[in-house]
Amino acid sequence: MNIRKTAIITVSAIVLAASAYAAAHSPISQRKAAMKEIGGQMRSLGGMAQGKTAYDDFAVFSAVEIMLNNAIAARPLFADSMDMGEETRAKPEIWAAGSDFDAQMGQMINALQATLDADPADLDSFLPLFGAIAATCKSCHEKYRAPES
Ligand code: HEC
């Protein structure tokens, strides 16, 4: 473990403390905030994947760790209700019999963890890992997220 990564873990602890603070809010607003954070980090990864910004292994590790923390935080916030009455794009299929929603959450978490484990040093090694992460977003959104109204 080098010093840079120790610093990231400290930042993650602050992120986790921030999500504990957010516990005052409803599960719907919390899970949307977590997804939004995941989306923001994904955009900076996408910029590097597309060659619009220079590859930076430190920035990748940091972004993926933030995404992983938010994915872990979001997972139980989809657990047990449809919370009608608050604006949400979560489709009722999430809670239907035979739903593989939670399994798909697990796949996203695994793809993020695999990227941290690989700690890709260059763009070529990052691209397949990025592709695997992006595939989990797309697959779940197609099935379980309603279009923006
Ligand atoms: C297991 C399913 C699942 C996976 C995997 C998933 N999402 Fe989502 N995402 C959802 C659902 C459901 C919503 C709608 C949440 C709501 O409105 O309550 C959502 C909402 C969002 C939003 C909108 C948040 C807002 O502002 O309301 C963004 C951005 C987003 N996801 C990005 C991502 C990215 C990027 C990934 C992949 C790294 C990803 N998601 C992976 C299910 C998933």
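This is a short dialogue on how some labels in this predicted model are earned.

Trainee: How many aromatic pairs does the structure hold?

Mentor: The structure holds 4 aromatic pairs. One of them joins F101 and Y144.

Trainee: What makes F101 and Y144 an aromatic pair, and why is the pair called edge-to-face?

Mentor: Their centres are 5.2 Å apart. The limit for a pair is 6.5 Å, so the two rings count. Their planes stand at 90°. Edge-to-face needs over 60 degrees, so the label follows.

Trainee: How do you know that the pair links distant parts of the chain?

Mentor: F101 belongs to helix 4, residues 101-118, and Y144 to helix 5, residues 123-144. The two are 43 residues apart.

Trainee: Is F101 buried or exposed? And Y144, buried or exposed?

Mentor: F101 has a relative accessible area of 6%. Buried means under 20%, so F101 is buried. Y144 is at 4%, so Y144 is buried too.

Trainee: Why is the pair of F126 and F130 called tilted?

Mentor: The ring centres are 5.5 Å apart, within 6.5 Å, so the rings pair. The planes are at 40°. That is neither under 30 degrees nor over 60, so the pair is tilted.

Trainee: Where do F126 and F130 lie?

Mentor: Both are in helix 5, 4 residues apart. That is about one turn of the helix.

Trainee: Why are F126 and F130 called buried?

Mentor: F126 has a relative accessible area of 0%. F130 has 15%. The cut-off is under 20%, so F126 passes. F130 passes as well, so F130 is also buried.

Trainee: Which residues do ring pairs link into a cluster?

Mentor: The cluster is made of Y55, F126 and F130.

Trainee: What about D119: what is its phi?

Mentor: The phi of D119 is positive, about 45°, although D119 is not a glycine. D119 sits in the loop between helix 4 and helix 5.

Trainee: Why is D119 called partly exposed?

Mentor: Its relative accessible area is 24%. Buried needs under 20% and exposed needs over 50%, so D119 falls in between.

Trainee: What makes the link from N70 to I66 a polar contact?

Mentor: The side chain of N70 reaches the backbone oxygen of I66 at 2.9 Å. The limit is 3.5 Å, so the distance fits. N70 is in helix 3, residues 57-74. With a relative accessible area of 11%, N70 is buried.

Trainee: What is the volume of the largest pocket, and which residues are closest to its centre?

Mentor: The volume is about 870 Å³. Of the 31 lining residues, M35, K36, R89, H141 and R145 are closest to the centre. Helix 2, helix 4 and helix 5 each give two or more residues to the lining. Helix 2 gives the largest share, 10 residues. By type, the lining divides into 15 nonpolar, 8 polar and 8 charged residues.

Trainee: Which residues are closest to the ligand?

Mentor: They are M35, T88, C137, C140 and H141, out of 24 that surround the ligand.

Trainee: How do you know that R31, T88 and H141 make polar contacts with the ligand?

Mentor: Set each distance against 3.5 Å. An N or O atom in the side chain of R31 is 2.9 Å from a ligand oxygen. For T88, the distance to a ligand oxygen is 2.6 Å. A polar side-chain atom of H141 lies 2.8 Å from a ligand nitrogen. Each is within the limit, so each counts.

Note on methods:
Residues numbered from 1 in each chain as written. Predicted model: local features only at pLDDT ≥ 70, side-chain atom pairs only at ≥ 80, totals over all residues. Heavy atoms only, no water. Phe/Tyr/Trp six-rings, centres within 6.5 Å; stacked < 30°, edge-to-face > 60°. Buried < 20%, exposed > 50% of the residue type's maximum accessible area, 1.4 Å probe, protein only. 1 Å grid on protein atoms, 1.4 Å probe; cavity = no way out; pocket = protein on both sides within 12 Å on 5 of 7 lines; lining within 4 Å. Points joined across faces, edges and corners; volume = space filled by probe spheres on them. Nonpolar A, V, L, I, M, F, W, Y, C, P; charged D, E, K, R; others polar. Polar contact = N/O pair within 3.5 Å; in protein donor to acceptor, adjacent residues only side chain to side chain. Near = heavy atom within 4 Å.
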